[in-house]
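This briefing looks at how the strands of one chain are arranged and how helices pack around them. Please keep the structure in view while reading the points below.

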Amino acid sequence: MSGAVLVADEGAVRVIRLNRPEKKNALTLAMYADMMGALQEANERDATRCVMFAGSPDVFCAGNDLADFLKAAQGGGLDPRANEFIHALAHNEKPLVAAVNGPAVGLGTTMLLHCDHVVAGPKTMLSTPFLQLGLIPEAASTMLAPLRMGHARAFSLLVMGRPLSAAEANEAGIVNTVVADPAAVDDVAFKAAQEIAGLPRHALAVTRKLMRGRVDEVLRQMDAETAHYKNLLQSDEARAAFQAFFARKK
Ligand code: COA
C-alpha cells in the first residue's frame with residue numbers, strides 16, 4: 001500500500017479513504033493499484049457487505065495526478081493501472097457508498113457514477129474538465145452520465161466542464177443526500193453503508209446486479225473511451241494544458 005489510500009474494515013463496511021491531502025487527493029498510479037486491490041479483496045471477503053469511498057474533510061479527489069499525465073504526454077504512454085481500477089469499479093459486486101466534500105474533479109466525479117449511494121457536504125463541487133484538458137471523459141461516463149441525468153445536463157457537465165454543486169448534483173441524480181454540516185458527511189455516509197450492509201445478503205446482491213444492467217456494455221464503453229484517451233494524451237493541446245496547470249502559480 002502507498003499510504004495515500006487507507007483501507008479499514010469497520011464491521012461489515014470496508015472504508016477506502018483517499019489520503020493525499022497535500023495534493024488534493026490527486027490519484028497516482030500506486031493509488032489506483034491500492035484502490036483496485038481493496039475492491040477486489042472486498043469482493044472476496046465474505047464479511048464485507050458494503051464499501052465506502054471517502055476523501056479528506058476539504059477535498060474528495062482532484063482526479064488523475066497531472067504530473068503523471070504530463071509524463072504520459074511526454075512519451076511515457078498511458079499506464080494500465082487507472083484502466084484496471086475503473087474496470088474493477090465496473091466488476092465490483094459489493095454496494096458502493098461515497099462520502100464527498102470539496103472538489104471532486106475528473107475521475108473524482110466519474111467514479112461517483114459507479115456508486116450506489118452518495119452523500120455530499122456543502123462544499124462539494126463536481127467537475128469534469130476533460131475537454132478543457134484536451135482529453136475526453138472516461139470510466140464509461142459518456143454512457144452513464146446521460147443515462148443518469150439526461151443528455152443536456154450530461155453535456156453541460158462532461159463536455160462544457162460546468163461544475164455541479166451538491167444541490168445540483170442531488171437534482172441531477174448523482175448525489176442522494178446533501179448534508180449541511182461538513183463534519184457530518186462521513187458519519188452520514190457510514191450510517192447509510194451500515195444500513196445497506198444490514199440488508200439480506202442474497203436479495204441485495206441480486207437486486208443490485210439487476211439494477212446495474214450489463215457490465216460488459218460498461219466495460220466496452222470504458223475501452224472505447226480509453227482508446228481515444230490514449231491518443232489524446234499525446235496531443236499538443238493536452239501537453240500544453242498539463243504544463244499550464246503546473247505553471248499557474250509561477
Ligand atoms: N495532479 C497533481 N497535483 C495536483 C492536482 C492534480 N490533479 N490537483 C491539485 N494538485 C496539487 C497542486 O499542484 C498543489 O501542489 P503544490 O502545493 O505542490 O503546488 C496542491 O495540489 C494544492 O492544489 P491547489 O490548486 O493549490 O489547491 P486549490 O484548493 O486552489 O484547488 C483543485 C484545488 C482540485 C480545484 C485544483 O488543484 C485543481 O483544479 N486541480 C486539477 C484538477 C484536474 O484537472 N484534474 C484532472 C482531471 S482529468
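In this predicted model, strands β1 and β2 pair in the antiparallel sense, and six bridges link them. These two strands belong to an open sheet of six strands with mixed pairing, whose order is β1-β2-β3-β4-β6-β9.

**Edges of the sheet and the hairpin**
- The edge strands, each of which pairs on one side only, are β1 (5-10) and β9 (177-178).
- Within the pairing of β1 with β2, alanine 8 has valine 15 of β2 as its bridge partner.
- The hairpin of β1 and β2 has two residues between the strands, and glycine 11 takes a positive phi near 65° there.
- At the other edge, β9 runs parallel to β6 (residues 117-120) and is joined to β6 by two bridges, with alanine 120 having valine 178 of β9 as its bridge partner.

**Strand β4 and its neighbours**
- Strand β4 pairs with β3 in the parallel sense over four bridges, and phenylalanine 53 has alanine 98 of β4 as its bridge partner.
- Four bridges also join β4 to β6, again with the strands running parallel, and alanine 99 stands opposite valine 119 in β6.
- Five of the five residues of β4 are buried, with Leu96, Ala98 and Val100 on one side and Val97 and Ala99 on the other, so that both faces of the strand are covered.

**Helices on the sheet**
- Helix α1 (residues 29-44) packs on the sheet and touches β1, β2 (13-18), β3 (50-54) and β4 (96-100), while its direction makes about 175° with that of β2.
- Helix α8 (residues 185-197) lies across β1, β2, β3, β4, β6 and β9, and runs at about 170° to β4.

**The packing of α3 with α10**
- Two packed helices are described by the angle between their axes and the distance between the axes.
- For helix α3 (residues 81-91) and helix α10 (residues 215-233), the axes come within 9 Å and cross at roughly 160°, which makes α3 roughly antiparallel to α10 because angles over 145 degrees count as roughly antiparallel.
- The crossing of α3 past α10 is right-handed, and the contact involves Asn83, Ile86, His87, Ala90 and His91 of α3 together with Val215, Val218, Leu219, Met222, Asp223 and Thr226 of α10.
- Sorted by class, the residues in this contact of α3 with α10 are six nonpolar, four polar and one charged.

Methods:
Residues numbered from 1 in each chain as written. Predicted model: local features only at pLDDT ≥ 70, side-chain atom pairs only at ≥ 80, totals over all residues. Heavy atoms only, no water. Pairing = 2+ DSSP bridges. Contact = heavy atoms within 4.5 Å. Axes fitted to C-alpha atoms, helices over the stretch in contact; angles between N-to-C directions. Parallel < 35°, antiparallel > 145°, perpendicular 65-115°, else oblique. Left-handed = near helix turned anticlockwise from the far one by under 90°. Nonpolar A, V, L, I, M, F, W, Y, C, P; charged D, E, K, R; others polar. Buried < 20%, exposed > 50% of the residue type's maximum accessible area, 1.4 Å probe, protein only.
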